[in-house]
Amino acid sequence: MANFPLPEPMRRALDLARIAAERGEVPVGAVVVKDGKIIGEGHNRPRESHDPTAHAEIVAIRAAAAALGNERLDGCDLYVTLEPCAMCAGAIAHARIARLYYGADDPKGGAVAHGPGVFAQPTIHHRPEIYEGLGAAEAAALLRIFFLERR
(Lines give C-alpha, C1' and ligand atoms only; values in the text may rest on other atoms or scores of the structure.)
Protein backbone atom coordinates (compact mmCIF):
# COMPACT_ATOMS: atom_id res chain seq x y z
CA MET A 1 0.00 0.00 0.00
CA ALA A 2 1.06 3.56 -0.53
CA ASN A 3 2.74 5.39 2.31
CA PHE A 4 0.08 7.72 3.73
CA PRO A 5 -1.21 8.57 7.19
CA LEU A 6 -3.58 6.02 8.64
CA PRO A 7 -7.14 7.16 9.20
CA GLU A 8 -8.07 7.81 12.85
CA PRO A 9 -10.27 4.68 13.16
CA MET A 10 -7.38 2.39 12.16
CA ARG A 11 -5.02 4.21 14.52
CA ARG A 12 -7.56 3.63 17.29
CA ALA A 13 -7.88 -0.05 16.33
CA LEU A 14 -4.10 -0.40 16.60
CA ASP A 15 -4.19 1.26 20.04
CA LEU A 16 -6.87 -1.24 21.07
CA ALA A 17 -4.70 -4.10 19.78
CA ARG A 18 -1.88 -2.87 22.02
CA ILE A 19 -4.27 -2.85 24.99
CA ALA A 20 -5.22 -6.45 24.21
CA ALA A 21 -1.55 -7.46 24.16
CA GLU A 22 -0.94 -5.74 27.52
CA ARG A 23 -3.75 -7.88 28.96
CA GLY A 24 -2.31 -11.10 27.52
CA GLU A 25 -4.82 -11.32 24.67
CA VAL A 26 -3.90 -11.74 21.00
CA PRO A 27 -3.37 -8.13 19.83
CA VAL A 28 -6.37 -7.40 17.64
CA GLY A 29 -8.44 -4.23 17.81
CA ALA A 30 -11.59 -3.17 15.98
CA VAL A 31 -13.62 0.02 15.57
CA VAL A 32 -17.06 0.60 14.03
CA VAL A 33 -17.66 4.00 12.42
CA LYS A 34 -20.92 5.64 11.35
CA ASP A 35 -20.95 9.02 9.60
CA GLY A 36 -17.30 9.58 10.54
CA LYS A 37 -17.85 8.93 14.26
CA ILE A 38 -16.67 5.91 16.26
CA ILE A 39 -19.79 4.23 17.68
CA GLY A 40 -18.29 0.94 18.84
CA GLU A 41 -14.87 -0.43 19.60
CA GLY A 42 -13.26 -3.46 21.10
CA HIS A 43 -10.17 -5.59 21.42
CA ASN A 44 -9.72 -9.32 21.73
CA ARG A 45 -10.82 -10.51 25.16
CA PRO A 46 -11.73 -14.21 25.01
CA ARG A 47 -9.41 -15.11 27.92
CA GLU A 48 -10.38 -12.13 30.05
CA SER A 49 -14.12 -12.68 29.57
CA HIS A 50 -14.02 -16.50 29.35
CA ASP A 51 -15.89 -16.14 26.07
CA PRO A 52 -14.53 -17.72 22.87
CA THR A 53 -16.69 -15.35 20.80
CA ALA A 54 -15.14 -12.19 22.33
CA HIS A 55 -13.05 -11.36 19.28
CA ALA A 56 -12.35 -7.66 18.68
CA GLU A 57 -14.84 -7.47 15.80
CA ILE A 58 -17.66 -9.07 17.80
CA VAL A 59 -17.04 -6.78 20.79
CA ALA A 60 -17.04 -3.70 18.52
CA ILE A 61 -20.14 -4.81 16.59
CA ARG A 62 -22.04 -5.47 19.83
CA ALA A 63 -21.12 -2.01 21.16
CA ALA A 64 -22.14 -0.33 17.88
CA ALA A 65 -25.45 -2.20 17.74
CA ALA A 66 -26.19 -1.14 21.32
CA ALA A 67 -25.26 2.47 20.53
CA LEU A 68 -27.62 2.51 17.53
CA GLY A 69 -30.31 0.40 19.17
CA ASN A 70 -30.34 -1.79 16.09
CA GLU A 71 -28.73 -5.09 15.09
CA ARG A 72 -28.31 -3.79 11.55
CA LEU A 73 -25.30 -1.55 11.13
CA ASP A 74 -26.27 -0.21 7.70
CA GLY A 75 -23.87 2.46 6.49
CA CYS A 76 -21.22 1.54 9.07
CA ASP A 77 -17.56 0.82 8.44
CA LEU A 78 -15.49 -1.69 10.41
CA TYR A 79 -11.75 -1.17 10.89
CA VAL A 80 -9.89 -4.18 12.28
CA THR A 81 -6.18 -4.87 12.59
CA LEU A 82 -6.33 -8.49 11.40
CA GLU A 83 -8.22 -10.28 8.63
CA PRO A 84 -11.47 -11.54 10.21
CA CYS A 85 -12.01 -15.23 10.94
CA ALA A 86 -15.09 -17.11 9.71
CA MET A 87 -17.10 -16.31 12.85
CA CYS A 88 -16.36 -12.60 12.60
CA ALA A 89 -16.98 -12.53 8.84
CA GLY A 90 -20.39 -14.07 9.50
CA ALA A 91 -21.14 -11.41 12.12
CA ILE A 92 -20.05 -8.70 9.67
CA ALA A 93 -22.49 -10.07 7.09
CA HIS A 94 -25.34 -10.36 9.60
CA ALA A 95 -24.72 -6.81 10.85
CA ARG A 96 -24.75 -5.52 7.25
CA ILE A 97 -21.45 -3.66 7.65
CA ALA A 98 -21.01 -1.53 4.54
CA ARG A 99 -17.20 -1.43 4.37
CA LEU A 100 -14.53 -3.62 5.95
CA TYR A 101 -10.99 -2.26 6.33
CA TYR A 102 -8.43 -4.67 7.72
CA GLY A 103 -4.71 -4.61 8.36
CA ALA A 104 -2.66 -7.79 8.44
CA ASP A 105 -3.53 -10.88 6.43
CA ASP A 106 -4.17 -14.06 8.40
CA PRO A 107 -3.28 -17.01 6.14
CA LYS A 108 -3.95 -19.49 8.97
CA GLY A 109 -7.20 -18.23 10.49
CA GLY A 110 -8.49 -15.55 8.14
CA ALA A 111 -11.70 -16.12 6.22
CA VAL A 112 -11.88 -13.12 3.89
CA ALA A 113 -8.89 -13.41 1.54
CA HIS A 114 -7.85 -16.79 2.94
CA GLY A 115 -9.50 -20.02 4.04
CA PRO A 116 -13.19 -20.20 3.16
CA GLY A 117 -13.35 -16.75 1.55
CA VAL A 118 -16.68 -16.12 3.26
CA PHE A 119 -17.68 -13.08 1.21
CA ALA A 120 -16.96 -14.87 -2.07
CA GLN A 121 -19.47 -17.63 -1.30
CA PRO A 122 -22.64 -17.55 -3.41
CA THR A 123 -24.79 -18.21 -0.33
CA ILE A 124 -23.62 -15.19 1.66
CA HIS A 125 -26.49 -12.74 2.08
CA HIS A 126 -24.39 -9.56 2.42
CA ARG A 127 -20.97 -8.58 1.10
CA PRO A 128 -19.24 -5.48 2.42
CA GLU A 129 -16.80 -3.53 0.32
CA ILE A 130 -13.39 -4.84 1.39
CA TYR A 131 -10.15 -2.87 1.73
CA GLU A 132 -7.19 -4.90 2.90
CA GLY A 133 -3.71 -3.97 4.05
CA LEU A 134 -4.53 -0.75 5.93
CA GLY A 135 -1.90 -0.52 8.68
CA ALA A 136 -0.78 -4.05 7.83
CA ALA A 137 2.90 -3.63 8.74
CA GLU A 138 2.17 -2.25 12.21
CA ALA A 139 -0.58 -4.79 12.88
CA ALA A 140 1.64 -7.69 11.77
CA ALA A 141 4.51 -6.40 13.93
CA LEU A 142 2.26 -6.33 17.01
CA LEU A 143 1.28 -9.95 16.38
CA ARG A 144 4.86 -11.08 15.67
CA ILE A 145 6.20 -9.50 18.87
CA PHE A 146 3.30 -10.87 20.93
CA PHE A 147 3.91 -14.45 19.83
CA LEU A 148 7.72 -14.20 19.98
CA GLU A 149 7.45 -13.15 23.63
CA ARG A 150 5.38 -16.23 24.39
CA ARG A 151 7.66 -18.82 22.81
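These legends walk through several close-up views of a predicted model.

**View 1. Two tyrosine rings, Y101 and Y131, stack on each other.**
Let's start with the aromatic side chains, where the count comes to three pairs. In one of them, the ring centres of Y101 and Y131 are 4.9 Å apart and the planes meet at 15°, so this pair counts as stacked. Y101 belongs to strand β4 (residues 99–104) and Y131 to strand β5 (residues 129–132), so the contact ties together parts that are 30 residues apart in sequence. Y101 is buried, at 16% relative accessible area, while Y131 is partly exposed, at 35%. Look for Y79 here as well: Y79, Y101 and Y131 make up one aromatic cluster.

**View 2. F146 and F147 meet edge-to-face.**
Here the two rings have their centres 5.1 Å apart, with 85° between the planes. How accessible is each partner? F146 is buried, with a relative accessible area of 5%, and F147 is partly exposed, with 32%. F146 has a charged companion too: the charged end of R150 sits over the F146 ring, 3.6 Å from the ring's centre.

**View 3. The largest pocket has a lining of 25 residues.**
Rolling a probe the size of a water molecule over the atoms reveals where empty space remains. In this model, the largest pocket holds about 570 Å³ of space. To find the middle of the pocket, look for V26, L82, D106, L143 and F147, which lie nearest its centre. F147 is also a member of the edge-to-face pair in View 2. Which helix gives the most to the lining? That is α5, with four residues. Helices α2 (46–49) and α5 (136–149) each supply at least two residues of the lining. By residue type, the lining of this pocket comprises 13 nonpolar, four polar and eight charged residues.

**View 4. Strands β1 and β2 form a hairpin.**
Strand β1 covers residues 29–34 and strand β2 covers residues 37–43; the two run antiparallel and are joined by six bridges. Two residues lie between the strands, and D35 in the turn has a positive phi of about 50°. For a landmark across the hairpin, find V31, which stands opposite E41 in β2. As you follow either strand, keep a general pattern in mind. In a regular strand, side chains alternate between the two faces of the sheet.

Technical notes. Residues are numbered from 1 along each chain as its sequence is written. This is a predicted model: local features need pLDDT of at least 70, side-chain atom pairs count only at pLDDT 80 or more; totals for chains, interfaces and linings use all residues. Side-chain values use heavy atoms; hydrogens and water are left out. Rings of Phe, Tyr and Trp (its six-membered ring) pair if their centres lie within 6.5 Å; planes under 30 degrees apart count as stacked, over 60 as edge-to-face and the rest as tilted. Buried means under 20% relative accessible area, exposed over 50%, partly exposed in between (1.4 Å probe, protein chains only). A charge sits over a ring if NZ of Lys or CZ of Arg is within 6 Å of the ring centre and within 35 degrees of the ring normal. On a 1 Å grid over the protein atoms alone, a cavity is a set of points where a 1.4 Å probe fits but cannot get out, and a pocket is an open set with protein on both sides within 12 Å along at least five of seven lines; lining residues have an atom within 4 Å of a point. Grid points are joined across faces, edges and corners, and a volume is the space filled by probe spheres set on the points. Ala, Val, Leu, Ile, Met, Phe, Trp, Tyr, Cys and Pro count as nonpolar, Asp, Glu, Lys and Arg as charged, and the others, Gly among them, as polar. Two strands pair if DSSP finds at least two bridges between them.
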